[in-house]
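Colleague: Got a minute to walk me through this model? I'd like to hear about the rings and the cysteines.

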Amino acid sequence: MEQYIRFIVVSGVLGATHVEIEQHLEMGRKLLAAGQLAEALSHYHYAVEGDSKNYLTYYKRAAVFLAMGKSKSALPDLTRAIQLKPDFLAARLQRGNILLKQGNTQDAREDFETVVRKIHTTDLTSLSPQLSPWDPESRELRADCYIRLGDPRKAIHDLTPTTQLRNDNRAAFLKLSILHYSLGEHQESLGHVRECLKLDQDDKDCLSHYKQVKKLSKQLDSAEEHIEEARYQEAIVKYESVMRREPNVPYYTNKANERICFCLVKNKMTAKAIDLCSEAHQRDPRNINILRDRAEAFILNQDYEKAVEDYQEAREFDMENNEIREGLERAQKLLKLSRKRDYYKILGVNRSANKQEIIKAYRKLAQQWHPDNFREEAKKKEAEKRFIDIASAKEVLTDPEKRQKFDSGEDPLDPESQQGGGGGQGGQGRPFHFNPFESGGNYHFKFNH
């Protein structure tokens with residue numbers, strides 16, 4: 001330590017020559033590497049004073065300030081280094097990082113964009129080796145900027161070759177794994193972190209991240225298996241677990257909400273499905289799967305106008321999607337039918353009602369509206385009309401084939417809905433207002449008054 005001080009004093013008194021400045025820089029580098037930050041900083045002070053036009057001396061002193069956690073002190077040195085050498089990209093990147101942490105997002109963005117633009121437009125082969133296109137540092141520099149600018153795809157593109165350009169580049173494999181993970185690409189994330197562990201199976205950072213990705217990946221795969229097997233409640237539980245595990249990664253939260261929305265519709269939990277699908281839509285407004293599923297929930301709720309609106313919105317985002325096109329056509333048919341006669345509304349049952357629930361509703365309404373219950377001519381005629389509608393609803397909704405046709409937007413009792421008009425076989429072409437009181441009909445009841 002005494003020889004360091006003596007060297008500094010002599011240099012300061014006699015004036016710094018180029019050789020002495022280089023000695024100060026070398027001593028600073030060694031002390032910095034040894035973790036003796038205060039002593040290293042003293043040497044860099046003298047290097048700056050000895051050559052105030054050398055951008056590297058400012059940059060190196062800034063590095064010591066940063067190592068000491070004094071980013072505010074580093075900022076003027078980085079700015080001075082950039083003033084002396086505007087295309088000094090490493091300094092711009094460091095300054096951008098500091099500005100971003102200070103909340104100065106506009107100036108930080110300008111630094112990052114300058115780095116990206118410079119690397120894109122400059123013939124890298126004509127610059128120093130550190131900016132060569134085949135040198136990993138140039139790619140890592142630009143990748144860091146892309147990450148700061150919120151463009152992980154381009155960062156991945158730049159980082160991927162560095163795993164081959166640099167030996168034992170575990171840091172790149174880990175960063176690639178984290179980037180893929182943030183994009184929801186858990187399989188790719190697993191692949192990269194496994195490459196890191198191949199290089200060193202005891203690497204703590206890679207091992208920790210591997211466990212995290214592996215567990216999440218297992219939950220996602222399990223949830224999708226449940227959906228394939230129509231075990232929708234089990235899938236919901238898995239996706240709820242995913243959201244608890246990764247609440248701060250938007251992709252997984254959005255994906256989980258999307259799939260839970262789908263499962264609720266499949267389970268015909270209409271009200272809950274509409275609420276959750278609406279929340280998911282707010283988070284991810286251009287997701288056509290969420291719009292499709294909410295439309296189906298609206299159909300179950302017999303709210304056909306809203307179903308049409310959701311399908312139309314989804315179609316605006318993807319005009320080529322056949323599933324969305326067919327869903328829109330079906331919702332439009334159902335809306336048109338609902339303005340004529342809706343068999344579900346006639347019986348007062350949900351679209352998810354089973355056959356037993358339909359028959360129970362039919363019997364109750366048929367008993368209530370049987371014409372024999374009314375004496376006044378006007379009321380008897382109204383009851384006859386109601387009774388015919390009730391009987392028609394029961395006929396359609398208890399016949400699987402007819403019900404399927406009605407659910408797809410076609411009234412099996414309406415000749416106008418049938419291709420080729422009326423006259424179809426098997427009762428498909430009967431007039432819309434058939435008479436259930438004619439002989440042969442199964443609509444006679446015995447009422448005990």
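**Rings and cysteines**

Modeller: Sure, starting with the rings: Tyr55, Tyr59 and Phe88 are linked into a cluster by ring pairs. Rings of Phe, Tyr and Trp (its six-membered ring) pair if their centres lie within 6.5 Å; planes under 30 degrees apart count as stacked, over 60 as edge-to-face and the rest as tilted.

Colleague: Before we go on, what kind of model is this, and how are residues numbered?

Modeller: This is a predicted model, where local features need pLDDT of at least 70, side-chain atom pairs count only at pLDDT 80 or more, and totals for chains, interfaces and linings use all residues. Residues are numbered from 1 along each chain as its sequence is written, and side-chain values use heavy atoms, with hydrogens and water left out.

Colleague: OK, back to the rings. How many aromatic pairs are there?

Modeller: The count by that rule is 8 aromatic pairs. One of them is Tyr55 with Phe88, an edge-to-face pair at 4.9 Å centre to centre, with 75° between the planes. That pair links distant parts of the chain: Tyr55 is in helix 4 (residues 55-67), and Phe88 is in the loop between helix 5 (71-84) and helix 6 (89-101), 33 residues apart. Helices here (H or I, at least four residues) and strands (E, at least two) are DSSP runs, numbered from the N terminus.

Colleague: Is Phe88 buried or exposed?

Modeller: Phe88 counts as buried, at 8% relative accessibility. Tyr55 is partly exposed, with a relative accessible area of 24%. For the cut-offs, buried means under 20% relative accessible area, exposed over 50%, and partly exposed in between (1.4 Å probe, protein chains only).

Colleague: And what sort of pair do Tyr181 and Tyr252 form?

Modeller: Tyr181 and Tyr252 make a tilted pair, 5.2 Å centre to centre with 45° between the planes. Tyr181 lies in helix 11 (residues 170-182) and Tyr252 in helix 15 (residues 250-266), so this pair ties together parts that are 71 residues apart in sequence. Tyr181 is buried at a relative accessible area of 5%, and Tyr252 is buried too, at 0%.

Colleague: Which charges lie over ring faces?

Modeller: Arg259 lies over the face of Phe262, 4.9 Å from the ring centre. Arg386 lies over the face of Trp369, at 4.2 Å from the ring centre. The rule is that NZ of Lys or CZ of Arg is within 6 Å of the ring centre and within 35 degrees of the ring normal.

Colleague: Switching to cysteines. How many disulfides does the structure hold?

Modeller: It holds 2 disulfides, each being a pair of cysteine sulfur atoms within 2.5 Å. Cys196 is joined to Cys206, S to S 1.9 Å. The torsion about their S-S bond is about 85°, so that disulfide is right-handed. Cys196 lies in helix 12 (residues 186-199) and Cys206 in helix 13 (residues 204-228), so the pair ties together parts 10 residues apart in sequence. Both Cys196 and Cys206 are buried.

Colleague: Which cysteine is Cys261 bonded to?

Modeller: Cys261 forms a disulfide with Cys277, and their sulfur atoms are 1.9 Å apart. That link is right-handed, with 95° about the S-S bond. Cys261 is in helix 15 and Cys277 in helix 16 (residues 270-283), 16 residues apart. Cys261 and Cys277 are buried. With the bonded cysteines numbered in sequence order, the pairing is 1-2, 3-4.

Colleague: What about Cys263, where's the nearest cysteine sulfur?

Modeller: Cys263 is in no disulfide, and the nearest cysteine sulfur, that of Cys261, is 9.1 Å away. Cys263 counts as buried, at 0% relative accessibility.

Colleague: Which residues does UniProt list for the TPR repeat?

Modeller: The unreviewed UniProt entry lists residues 55-88 and 288-321 for "repeat: TPR"; such annotations may be inferred rather than shown by experiment. In the model, residues 55-88 are 79% helix and 0% strand, with end C-alpha atoms 9 Å apart. Residues 288-321 are 79% helix and 0% strand, with end C-alpha atoms 10 Å apart.

Colleague: Last one: how many helices and strands are in the chain?

Modeller: The chain has 23 helices and 0 strands. Of its 449 residues, 43% are buried.
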